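Visitor: I would like a close look at a single part of this protein. Please pick one sheet and walk me through it, strand by strand.

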Amino acid sequence: MSNEDGLKEDGITNEQLEEKIPQQLRYACVYWVNHLKIANVEDADLMNGLKKFVDEHILHWLEVLSLIGKLDSAHRAIRVALILLKSTSSDLHQLLSDTLRFIPKFYEVIDRSALHTYYSALHFTPTDSLLYRRYIKEAAHSVCDIEGGPEKWNALVANQSHEEYVSVIKFSLDSTLFVSCSRHGGSVYLWDIRGIDACSPSEREEATGVTELVLSRDCSRLACGFSDGTVELWETSPTKRRIASHHAHKEPVCALEFGPDAGLFASGSDDGTIKLWNGGDGSLRGTLSAPSG
């Protein structure tokens with residue numbers, strides 16, 4: 001049952017939802033990590049508060065984000081929090097790491113129905129994970145009872161292959177993600193070294209070779225260039241959707257690069273043209289050509 005259907009069945013109006021999840025709570029759920037970035041992460045009280053939030057409310061947070069239509073902000077928030085943490089051996093770090101895997105694994109079902117965070121997603125979470133052990137009690141009321149589920153997160157990065165010639169591999173700046181592509185088969189894969197499921201954002205009906213690709217610094221965008229001159233912009237997390245595709249150049253794309261804030265990216269081609277693109281919606285900003293002579 002979707003969020004909309006569930007609220008309607010329970011007789012909960014938009015006004016009542018606004019009352020239960022007021023604007024200040026919505027703001028906190030979406031933007032807390034922005035404040036964490038500029039705070040003193042050495043402050044013991046701050047870290048204790050973050051630990052309490054992750055220990056007791058991380059799934060409640062995902063539930064609220066689903067209900068207000070902002071679940072797409074969760075993945076970035078957890079990634080930023082992990083980068084800011086000094087200790088990588090604490091329960092806090094492990095719970096955040098598990099959550100980072102939990103979000104893309106069950107994104108579609110949670111985005112559609114907040115309560116399926118507990119009704120289904122939690123039941124299919126690896127039983128050896130700290131997230132499962134800490135939160136499975138939240139699903140005690142569920143009618144779903146699963147046995148024989150996975151014990152550990154999949155580490156698909158270790159055993160997946162293109163089944164064809166791999167021509168380009170590029171890492172994110174924090175070395176947690178990389179993209180790989182086949183120059184001949186037209187497939188592009190996004191990998192997470194910590195075990196998030198691999199995905200193939202680009203499988204084109206008329207396969208043409210991938211000639212260049214690049215990740216934005218925050219890993220939220222992936223730009224791909226193809227041998228037929230096409231340029232594509234993809235959102236990499238959490239939905240892994242294609243934002244735009246343009247047959248932009250007359251010759252193969254030979255260079256791609258994002259600006260520091262991913263607001264712009266540029267593509268260069270064997271035809272001698274450089275095109276400047278909007279990093280948000282993939283729209284063309286302009287075309288440059290090197291002067292002759």
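**A sheet and its strands**

Guide: Start with a central pair. Strand β10 (residues 264-269) and strand β11 (residues 273-278) run antiparallel, and five bridges join them. One facing pair in this ladder is Leu264 and Asn278, the latter in β11. Keep in mind that this is a predicted model.

Now widen the view. The two strands belong to an open sheet of four, ordered β9-β10-β11-β12, with antiparallel pairing. At the edges stand β9 (253-258) and β12 (284-289). Each has a single partner strand, so one side of each is left without a neighbour in the sheet. On average, neighbouring strands here are turned by 20° against each other, direction ignored.

Next, look at Val253, where β9 (253-258) begins. The backbone oxygen of Val253 lies 2.5 Å from a polar atom of the Thr211 side chain. Thr211 itself sits in strand β5, which covers residues 210-215. Why does Thr211 count as buried? Its relative accessible area is 13%, and buried means under 20%, so Thr211 falls on the buried side of the cut-off.

Finally, the setting. The protein chain holds nine helices and 12 strands. Of its 293 residues, 47% count as buried. Among contacts with a separation of 6 or more, 45% come from residues 24 or more positions apart. The chain exposes about 15400 Å², and carbon and sulfur atoms supply 51% of that area.

Note on methods:
Residues numbered from 1 in each chain as written. Predicted model: local features only at pLDDT ≥ 70, side-chain atom pairs only at ≥ 80, totals over all residues. Heavy atoms only, no water. Buried < 20%, exposed > 50% of the residue type's maximum accessible area, 1.4 Å probe, protein only. Contact = heavy atoms within 4.5 Å. Areas by Shrake-Rupley, 256 points an atom, 1.4 Å probe, with all protein chains shown as cover. Polar contact = N/O pair within 3.5 Å; in protein donor to acceptor, adjacent residues only side chain to side chain. Pairing = 2+ DSSP bridges. Axes fitted to C-alpha atoms, helices over the stretch in contact; angles between N-to-C directions.
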